[in-house]
Amino acid sequence: MKTYAEMTAELEQLAAHNDRLTASLRSARAQIVELKSDLERIGDPPNSYATFLRRAEGTTIDVLHNGRKLRVATAASLDLDALQPGTELRLNESLAAVEAVPASDAGNVVPVIEALPDSRVLVAVAPDDHRVLRRAGGVGDVLLHPGDQVLVDLKAQLVLEQIDRAEITDLILEQVPNVSFEQIGGLSEQIEAIRDAVELPFLQQDLYRTYGLRPPQGVLLYGPPGCGKTMIAKAVAHELVLRSAEARGVPVAEALQHSAFLNVKGPELLNKYVGETERSIRLVFERAREKASAKHPVVIFFDEMESLFRTRGTGMSSDVETTIVPQLLAEIDGVEGLDNVIVIGASNREDMIDPAILRPGRLDVKIRVRRPDAASGREILGLYLDGAVPMRDDREELLDLAVAAIYDDSPESAFVRIEYSDGTAEVLHFRDFVSGATLRNITDRAKKFAVKDQLSTGVAGLTAEHLRAAIRAEFAENEDMPSAAHPEDWARISGRRGRRVDAVIPLQGQFEEPVTAEVSA
């Protein structure tokens, strides 16, 4: 017979076994419930999606579903007033719209050809495939320009989103620069010529028509680098806006807001993909015409023009110029006209620009920007060494000293000797290579020397020695220029373009061997 203790132990064992069975049954029940839920979920009919097109009668809507237009019912929970064309909807098994879901952010990107007056958009899906699409709600009020890139749903025939493309934005600077003619020294003759070519026809249009004068389509500024061509173009744009606002009685702030300076960077416009550079040129002119349509002046400035519009057939740019040059000519000569638009080009190598661009009726005004002579150089130096710069010595004496040193023609300043094939030779001095940029570098160096001097001695002011040291440093930095220069370039610098150069002999620094070449300058 079992004792009480044995019976108690056995009862405890049975209770524990019962607890384990209970836990197992609960776990099994939970698994059964989960399996049932999975079976029910798997058994649910699939949902489909559609694109909202428009509201219809009552609570029905028109949608695009699998390429077909359907009129479907809507769930009571769906806010019909919030739906816009292009909204993506979830449909139940009965093809009723039950939920609005986030729209797709992927699709085809195509260029805009024209924004139509009735809010539709003409786009180019392919070169020979143009389509008219409607706007989705997100772009209903967006101002679209020809050439803008847009995301489209071709099945739903909707424009979904404007895609910002940095390429054109990087190529052009639309703000009118804050540069005046007073900030440019030594170029009074060139400034007067370009003002006559640009400002006068724009401000005196009626008078020009009375005399039967045709305003020029474009201006070419050519000459050595660093001599102020870009500054002149910027000042033209700025002054043109000011004079135009004054003549029309328009606030300057408003005129600056609507006018534009499209600074096109030639090398950056070149694109390896066929047709892309031509498209970019077309977009620049379309932007200019749009800005100028409100009678505000627009300047298109092509910097380093020779890099973009070289003479056709030279093969110097893989012959891409055979399509790029005609595109520019088409824009200048186009039937749309260039009212209130002036084209200004700048080039260091005007001989490389296609002649068709430079003929009358296109860039028909040509202004040569020369290197500054002593008088012009003094004027430029005076702009950078004005009364605001602390000076220990007399300002006029400092300017005289700088001009005498920079434009020295003694043997000590001899830079290079050019030997021509006819047996003659020519010695060029440092003064023959001075530009406005060189003069600014010299004054900047002198100012830095003055700053360092003040930090070490505590005495403020620029001195004659600071200027002398700056001139020596600037010249020393350019001593090795002849070593790698092409003889043809030296011929251009000397102004003897029609003579063949046999040798270029450096006269400064360590270089003693002549640079020779059998080329025709």
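Q: Which residue in strand 14 does Val298 stand opposite?
A: This is a predicted model, in which local features need pLDDT of at least 70 and side-chain atom pairs pLDDT 80 or more, while totals for chains, interfaces and linings use all residues. Residues are numbered from 1 along each chain as its sequence is written, and side-chain values use heavy atoms, without hydrogens and water. Strand 13 (residues 298–303) pairs with strand 14 (residues 341–347) in the parallel sense over five bridges, where strands are DSSP runs of E with at least two residues, numbered from the N terminus, and pairing takes at least two DSSP bridges. In strand 14, the residue opposite Val298 is Val341.

Q: Which strands stand at the edges of the sheet with the order 12-13-14-11-15?
A: This open sheet has five strands with parallel pairing. An edge strand here has a single partner strand, so one side of it is left without a neighbour in the sheet. The edges are strand 12 (260–265) and strand 15 (365–368).

Q: What angle does the direction of helix 5 make with that of strand 13?
A: Helices are DSSP runs of H or I with at least four residues. Helix 5 packs on the sheet and touches strand 11, strand 12, strand 13 and strand 14, contact being heavy atoms within 4.5 Å. Angles run from 0 to 180 degrees between N-to-C directions, with axes fitted to C-alpha atoms, for helices over the stretch in contact. The angle with strand 13 is about 175 degrees.

Q: At what angle do the axes of helix 3 and helix 5 cross?
A: Helix 3 (residues 188–203) and helix 5 (residues 229–248) have axes that come within 10 Å. Among the residues in the contact are Ile194 and Val198 of helix 3 and Ile232 and Val236 of helix 5. The axes cross at roughly 35 degrees.

Q: Is Arg289 buried or exposed?
A: Arg289 lies in helix 8 (residues 276–292). Buried means under 20% relative accessible area, exposed over 50% and partly exposed in between, with a 1.4 Å probe and protein chains only. Because its relative accessibility is 15%, Arg289 counts as buried.

Q: Which residue's backbone oxygen does the side chain of Arg289 reach?
A: A polar contact is a pair of N or O atoms within 3.5 Å; within protein, one must be able to donate a hydrogen and the other to accept it, and residues adjacent in sequence count only if both atoms are side-chain atoms. For the side chain of Arg289, the distance is 2.9 Å, and the backbone oxygen belongs to Glu331.
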